[in-house]
Amino acid sequence: MSSQPSTGTGELSVAERAFYSRQLILPEMGYEAQLALKRARVVVLGAGGLGAPALLYLAGAGVGQIVVVDDDFVDASNLHRQVIHTHARVGNSKAESAAESLRSLNPFIEVVPVRERLTEANVDELLSGADLVLDGSDNFESRYVVSAAAARAGIAHVWAAILGFDAQLSVFWAGRGPVYEDLYPHAPAAGSVPSCSTAGVVGAMAGVVGAAMAMEAVKLLTGGGEPLMGEVGLYSALSGRWEYIPLVASVQAVPKKSAVLPQETSHKPKNYVTIRNISQDFTSSSADSKPRSMSAQDLKKMSSGENIALLDVREQVEFNAFAIDGAINLPLTELLEAARNDSLKALIERKIPANAQKIVIYCTGYTRTVEAAREIAPLEERSVYMLEGGISAWLTV
């Protein structure tokens, strides 16, 4: 058999078998799984912090065709986490730069760089023939567009988001499990969620989560293992721990334009709960049970006479390093554990003074704040607020 690189979708060449030898010897993988990877077409949205490690591991795993969609350019300030690029390529197309790295890593695969921004107009064409899509985008508009398109195409949608030291990860699949809209039914108010450029992010943490996205893709393509479907993984880099929140599919969340999809199957954990809307239009309701947003400027303008409870939901090590004066520490991990045990109300009563008229929740950026508010607000008659941009925004006001 020829040892030259193979670009078809047939058998594995001698050179390919050597390249993938450490995977081929795994009982859970083997020859047929490797062929499944070779025959796969995967679209990756974004060649940035999440896309960079995900792309490298997809290429290393042997995904036969990888489509890289990114209209941005390599920037020096992003290289600490976008490890697929090099300093010599600053100013070059990120899609082309990523393609160059992938071809250098694995000559047996096809890489298709797309120097375009994903939009409603081109998303269906880009996903045409794809087996799944990885969403490493950094904006809500793209996330909703790709979610709806994945539902129409009937393919799995691997999603993650990172900020600071926190991350979220899940697998969506319309007709077989939840979709992105089950987690975030509505986009948050413009400017309420900071970006990596304003709130910061640790490069190694992006590597952890991007590699996890690639692993989910490998499982989906080969049929091995159990994809992270029906749950959202919450990762804290500072503690090194993953927490998992059950997520249940809602029929209403499936985009109306969806094509006929595979028969629905259950992926619910044994003790599942329906996750409530995490992202809401906080400023449009005055109901106490619905959390509202508060800017750092507004918080600082409040008089010292107002009875406000500042609730810091970061881990204790973060709280000890720096916190807003007068804040109370209740780590999200402890809060979620109490919610699972139906003891959160008692915990709040112990932690938060009874005379506090308002509760303002904050973390580093926004992710953990939203999770905490989702649990606390329904239990409170007092107004619950979320500090926009977290302590990062507080420090810059």
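How many of the five residues of strand β12 (residues 358–362) are buried? In this predicted model, the number is four, so strand β12 is largely enclosed by the rest of the structure. The paragraphs below begin with the protein as a whole, return to the surroundings of this strand, and then turn to a second sheet, its helices and the aromatic rings.

The protein has 397 residues, of which 56% count as buried, and its secondary structure comes to 16 helices and 13 strands. Among the contacts between residues at least 6 apart in sequence, 67% join residues that are at least 24 apart. The exposed area of the protein is about 17,500 Å², with carbon and sulfur atoms supplying 51% of that area.

Strand β12 belongs to an open sheet of five strands, arranged in the order β9-β13-β12-β10-β11 and paired in the parallel sense. The edges of this sheet are formed by β9 (292–294) and β11 (328–329), each of which pairs on one side only. On one side, β12 pairs with strand β10 (residues 308–312) in the parallel sense over five bridges, and in this pairing the bridge partner of Asp312 is Tyr362 in β12. Asp312 also stands opposite Asn329 in β11, in keeping with the parallel pairing of β10 and β11 over two bridges. Strand β12 is further joined to strand β13 (residues 383–387) by four bridges, again with the strands running parallel, and here Ile359 has Val384 of β13 as its bridge partner. Between these two strands the chain passes through a helix, in that β12, helix α15 (residues 367–376) and β13 make a right-handed β-α-β unit.

A further open sheet consists of eight strands in the order β3-β2-β1-β4-β5-β6-β7-β8, and its pairing is mixed. Its edge strands, β3 (110–114) and β8 (241–246), each pair on one side only, while neighbouring strands of the sheet are turned by 15° against each other on average, direction ignored. Within this sheet, strand β5 (residues 156–163) and strand β6 (residues 166–172) pair in the antiparallel sense over seven bridges, and the bridge partner of Ala160 is Leu169 in β6. Helix α10 (residues 203–222) lies across β1 (41–45), β4 (132–135), β5, β6, β7 (231–236) and β8, and runs at about 170° to β5.

Helix α10 is also one of the elements that cover the buried residues of helix α3, together with others including α1 (14–19), α2 (21–24) and α4 (51–61). The buried residues of helix α3 (residues 30–38) include Gly30, Ala33, Gln34, Leu35, Leu37 and Lys38. Another buried position is found in helix α6 (residues 123–127), to which Val123 belongs; Val123 counts as buried because its relative accessibility is 0%, where the limit is under 20%. Apart from neighbours within four places in sequence, Val123 is in contact with Leu118, Val145, Val146, Ala149 and Arg152. For Val123 and Val146, a separation of 23 residues in sequence corresponds to a C-alpha to C-alpha distance of 6.9 Å in space.

The structure holds eleven aromatic pairs. One of these is formed by Tyr144 and Tyr180, whose rings are arranged edge-to-face, at 5.1 Å centre to centre and with 70° between the planes. This pair links distant parts of the chain, since Tyr144 lies in helix α7 (residues 140–153) and Tyr180 in helix α8 (residues 180–183), 36 residues apart. Tyr144 is buried, with a relative accessible area of 17%, and Tyr180 is likewise buried, with a relative accessible area of 0%. For Tyr235 and Trp242, the ring centres are 4.9 Å apart and the planes stand at 35°, so this pair is tilted. In this tilted pair, Tyr235 is buried at a relative accessible area of 12%, whereas Trp242 counts as partly exposed, at 26% relative accessibility. Tyr144 and Tyr180 are also members of a cluster in which ring pairs link Phe140, Tyr144, Trp159, Phe172, Tyr180 and Tyr184.

Notes:
Residues are numbered from 1 along each chain as its sequence is written. This is a predicted model: local features need pLDDT of at least 70, side-chain atom pairs count only at pLDDT 80 or more; totals for chains, interfaces and linings use all residues. Side-chain values use heavy atoms; hydrogens and water are left out. Buried means under 20% relative accessible area, exposed over 50%, partly exposed in between (1.4 Å probe, protein chains only). Contact means heavy atoms within 4.5 Å. Accessible areas come from the Shrake-Rupley method with a 1.4 Å probe; for residues, only the protein chains shown count as cover. Two strands pair if DSSP finds at least two bridges between them. Axes are lines fitted to C-alpha atoms, for helices over the stretch in contact, and angles run from 0 to 180 degrees between N-to-C directions. A crossover is right-handed if, with the strands pointing away from the viewer, the path from the first strand over the helix to the second runs clockwise. Rings of Phe, Tyr and Trp (its six-membered ring) pair if their centres lie within 6.5 Å; planes under 30 degrees apart count as stacked, over 60 as edge-to-face and the rest as tilted.
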